[in-house]
Amino acid sequence: MAPPAQSQRSPSPSQPSGKSEVSDLKLQLRQLAGSRAPGVDDSKRELFKKVISYMTIGIDVSSLFGEMVMCSATSDIVLKKMCYLYVGNYAKVNPDLALLTINFLQRDCRDEDPMIRGLALRSLCSLRVANLVEYLVGPLGSGLKDSNSYVRMVAVMGVLKLYHISASTCIDADFPSILKHLMLHDSDTQVVANCLSALQEIWSAEASTSEEASREREALISKPVIYYLLNRIKEFSEWAQCLVLELVTKYVPSDSSEIFDIMNLLEDRLQHANGAVVLATIRVFLQLTLSMTDVHQQVYERIKAPLLTLVSSGSPEQSYAVLSHLHLLVMRAPYVFSSDYKHFYCQYNEPSYVKRLKLEMLTAVANESNTYEIVTELCEYAANVDIPIARESIRAVGKIALQQYDVNAIVDRLLQFLEMEKDYVTAEALVLVKDLLRKYPQWSHDCIAVVGNISSKNVQEPKAKAALIWMLGEYSQDMQDAPYVLESLVENWDEEHSAEVRLHLLTAVMKCFFKRPPETQSALGAALAAGIADFHQDVHDRALFYYRILRYNVSVAERVVNPPKQAVSVFADTQSSEIKDRIFDEFNSLSVLYQKPSYMFTDKEHRVPLEFADELGNLSIGEAANNVVPTQMVEENDKDLLLTTSEKEETKGSRNNGSAYTVPYDGSSTSVFASQAQIESAVSNPTLAGHSPQASFAIDDLLGLGIPATPAVPSPPQLKLNTKAALDPSTFQQKWRQLPVALSQEISVNPQGVAALTAPQALLRHMQSHSIHCIASGGQSPNFKFFFFAQKFEESSNYLVECVINTSSAKAQVKIKADDQNTSQDFSTLFESAFSKFGTS
Amino acid sequence: MPVAASAIYFLNLRGDVLINRLYRDDVGGNMVDAFRMHIMQTKELGTCPVRQIGGCSFFYMRISNVYIVIVVSSNANVACAFKFVVEAVALFKSYFGGAFDEDAIRNNFVLIYELLDEIMDFGYPQNLSPEILKLYITQEGVRSPFSSKPSDKPVPNATLQVTGAVGWRREGLVYKKNEVFLDIVESVNLLMSSKGSVLRCDVTGKILMKCFLSGMPDLKLGLNDKIGLEKESQLKSRPPKSGKTIELDDVTFHQCVNLTRFNSEKTVSFVPPDGEFELMKYRITEGVNLPFRVLPTIKELGRTRMEVNVKVKSVFGAKMFALGVVIKIPVPKQTAKTSFQVTSGRAKYQAAIDCLVWKIRKFPGQTEPTLSAEVELISTMAEKKSWTRPPIQMEFQVPMFTASGLRVRFLKVWEKSGYNTVEWVRYITKAGSYEIRC
């Protein structure tokens, strides 16, 4: 039954502490315990009610255990139930006293009334006291054979409870095979359904250790079992139907005729009143037809109507659950739903979580024929009182603009937004106009005319301000007063709090300078001076870099800072298709609502410290990217402006998550980084856009992402490492797979090192100062794992290192792989010397 | 695993636990504290009904002044969980007769504990059918269906075993007067643009049934829906009768309806449960008859004055009338003074919702009352932001009218004893979300 007493705490101060009441109750119960007076049951009832209500509000009444058990000798079922409830709640913390109850529970298990037998058996199995399990086996065994289905139903669940208390007792008593027999032969469908739940749980848990169990688990989704259940599906309760349908999704039919048979059999389930059954059926249909493209399309058409009905009926919560699934399907196949866009119009009073999903769907289903109406509708929402939704809808308009070829009307709309004179509307619209211009430079003329009228003083949000500044720099030749606007912005340098804006200001002033040198020169000077004096490292570095490159050669500087650009054709997707597929595989579960696969949020992954796997993807790349390789950080800042809004949020999110071990998420975000970097390089410097590590590094640098100067490493002369080495994770992963292990050794970690290694970051920073960069790291004390890389100075020869450190044994296992095998020994020496200094400097 | 709920909590608005039931050990006991801390006491409340805290996910729903929270630790089936909550609440309501709120829970907590015990075991939903549960859990106390008065009523589980599929109806029911009540309840959802064009419009309808029939009757319901009529005329090889036919976008049925027969013959045939239940639900998007047209003109005259004119036209038959018509016309927050003229009903300004509320108790068909109001605003220097006009919202009920045009053509009752039945049919159309932008 219910759980330990300590769980019953309630912090609410308004509730009585209940001490005196409890002792009062104790007294009264004791008086009644032995009494056989008429009407004693009624007064017992009142007392029991009080006890239970105290228990509910969180007062600890476990001290009454003895009295409650004494009073339990009664024939009144309500009293019995209350007593069972109480016992179930407190047995776990009073195992000794729980023993007292065994007797009367066992007796009740043999009662002639099946109701009492069932209740007693349920309570007996709910005691959750490990050393009492021996008393469970007998009653459970006879319960499973009971002539009454109520008792059998309870007994089946009892077996599952027993399994969770003591798996071995359950297996030794051979209960699973009894359950299997019951599942296939019992006449009562609820018994069958409970057997199914229990067996699925038991065999899934056992499968990792026992081959037989995993065979049995496979047998559950074998043809005979599936067909047996499917043929009886109409007899099952709605909840049990969900269970069966869930099982059917795992079944792999042998051929297409079987698939059609199953679908025909289940088609009427789509009309079931219970939305959960409908969703489960939809999942079966989608899974079965995955490999049959055209039928899969028809399935989409078929399930559309039931889904739309479900969305429009029921409470907001229910419709949200369904809407999330619809959202998933719309994202997978927007064209199927493009004529149903009106269903995604938001109602004024809908909760914002529903509106948000609807906005995304409206964006996705927009096509040539409905764009006008959708955009008109979205523009209505821009005036919404709910500001986040208003922002979201403006972004949606922008996204549609980026999807469509015919953007004429949309551009007008966006420009109207700019004139709406609402801070947040202007801010969002500015960001969008900027993205739009990156994709459709041909619109610059219309946009610039309007953007030019916006006073930078009215724009406060950093992103919007950065976007405005970017446009000022980019189109300074077309904007009459661009140099003067920039100049006034530079004058207020100290009041600008966002480093992002200051970075953009630097670049914009540079760009403006190349186009209109005489008017900008003084602003540029002021900007560089202010930038070099800036306390923010990145701003400082960028200013210094600009200064030096200008001194070196102005035309080179122009080529670097303001090269001719190509329009961005596609903005990178934020979620990898692999992740999307995994979510789709987990249709009809939480994954769809959270929009991430279950392994990212289920309990185990979260709490168990990261297990080391050889796959790079399992390590927290994001973290490494954040804390170790500053180029990435800076780059991100710069990229922020260039990304569309949602992408920004996405990358931000992953950055924040970096420290928690939400591992594969990071993996995916890195790939976003990588692709972004490439896009950017394509945009900003097509002439240099090579994809080898060095080349992309070169671009990073030329973009002004100066790297903090690190003192030269005192390294052995024979091998010099590139201090600014760059390698993207996928290349690393690929190389790691291809190259043989050149060297493998064990290094001991000095005590200072052990002490300093409280978190992976400490070592990363240290190694970086020795030009050995980390690409991924993970783990918790005492086990840490790192992947490092280094590059030979002025050569594209890479060294890859896997380093597993155990701080309790103060040992590190190091594996080195190298492009150039001959120098791996030198590198190893270098690595070791750098490593040994960890914690000492 | 469809649900495997680890715990269920009933909390009042302050966050006090009214009832809690922990089904599994896999979540800690302090889950309710986590819910209070991270959801109830933050702005998160109301932002999303599914939330993850730590390794657990919380599904919560507010029903009147009670929060019902389900805690799970696995990748659970959300739709199923919410449906379970809704069904459970319906079950509780059927026990306490009507209201489900904090007081009802406090007064019936023992009963709720008993029910929670039966409807879910170890996190898996069990039997939620009130018909069956009421046989052995009653408000007066528990009566065992197995032992007491053996001759009185058959054992429900035995019924299940004997009759197989008819788990929702027990045998041996006797009524002096055999009656069936059908209620067709439709709600119209409308979204109209300020220019008067319909942006979105649909009808969700349900057929509610109240059965007081003896024995094990077989019922057959005929509607004027297109597919059903076509199928019928095919079967009888007769040309379809003229008259309006309705195209149903989607239909769902109560579990008692034989879906196989619906799919093959397009007839709704069923053995009904005893008492009240929802027979079917449907959705229609084509050919909706809107009962009301609203024609607003709102003029902002300078900064401090507004003129509001609203005309509402009833477009249903002149002999019919709508009840409880409420029209909410939004006005800016800084409204200072209002004056009205209405040709029908009563209007007043409600500052709490920033609306002019115009109520017309009885609204005959084919009429068009008007409201004209003058609104004076406090001039504020600070707020120069233009007023974003929320939509006009409308509530109404129109008896004997269906926005979809759906009609019951016949309801046949067949029972082996061959008794006569009386059938009653009512129609009503209500406003769902009826919004007119202005």
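## Exercises on the interface of chains A and B

Chain A and chain B bury about 8300 Å² between them, with 54% of that on carbon and sulfur atoms; buried area is the accessible area (1.4 Å probe) that two parts lose on being put together, summed over both. The model is predicted: local features need pLDDT of at least 70, side-chain atom pairs count only at pLDDT 80 or more, and totals for chains, interfaces and linings use all residues. Residues are numbered from 1 along each chain as its sequence is written, chains are lettered from A and ligands numbered from 1 in the order in which they are written, and side-chain values use heavy atoms, with hydrogens and water left out.

**Exercise 1.** State which three residues of chain A supply the most area against chain B, and how many residues are in contact.

*Solution.* Start with the area: A:T56, A:W239 and A:Q271 supply 9% of what chain A buries against chain B, more than any other three residues. Next, take contact as heavy atoms within 4.5 Å. By that rule, 101 residues of chain A touch 96 residues of chain B.

**Exercise 2.** Describe the polar and charged links across the interface, then the make-up of the chain A side.

*Solution.* First, the rule for salt bridges (a side-chain nitrogen of Lys or Arg within 4 Å of a carboxyl oxygen of Asp or Glu) finds 8 across the interface. One joins A:E380 to B:R437, with the closest N and O atoms 4.0 Å apart. Second, 27 residue pairs, both at pLDDT 80 or more, are in polar contact across the interface. Such a contact is a pair of N or O atoms within 3.5 Å; within protein, one must be able to donate a hydrogen and the other to accept it, and residues adjacent in sequence count only if both atoms are side-chain atoms. Third, helix α8 (residues 149-165) of chain A gives the most to the side touching chain B, with 9 residues. Finally, that side divides into 41 nonpolar, 33 polar and 27 charged residues. Ala, Val, Leu, Ile, Met, Phe, Trp, Tyr, Cys and Pro count as nonpolar, Asp, Glu, Lys and Arg as charged, and the others, Gly among them, as polar.

**Exercise 3.** Give the helices, strands and buried share of each chain.

*Solution.* Helices (H or I, at least four residues) and strands (E, at least two) are DSSP runs, numbered from the N terminus. Chain A has 42 helices and 5 strands; chain B has 8 helices and 25 strands. For burial, the cut-off is under 20% relative accessible area (1.4 Å probe, protein chains only). Of the 841 residues of chain A, 60% are buried; of the 438 residues of chain B, 55% are.

Definitions and conventions: Buried means under 20% relative accessible area, exposed over 50%, partly exposed in between (1.4 Å probe, protein chains only).
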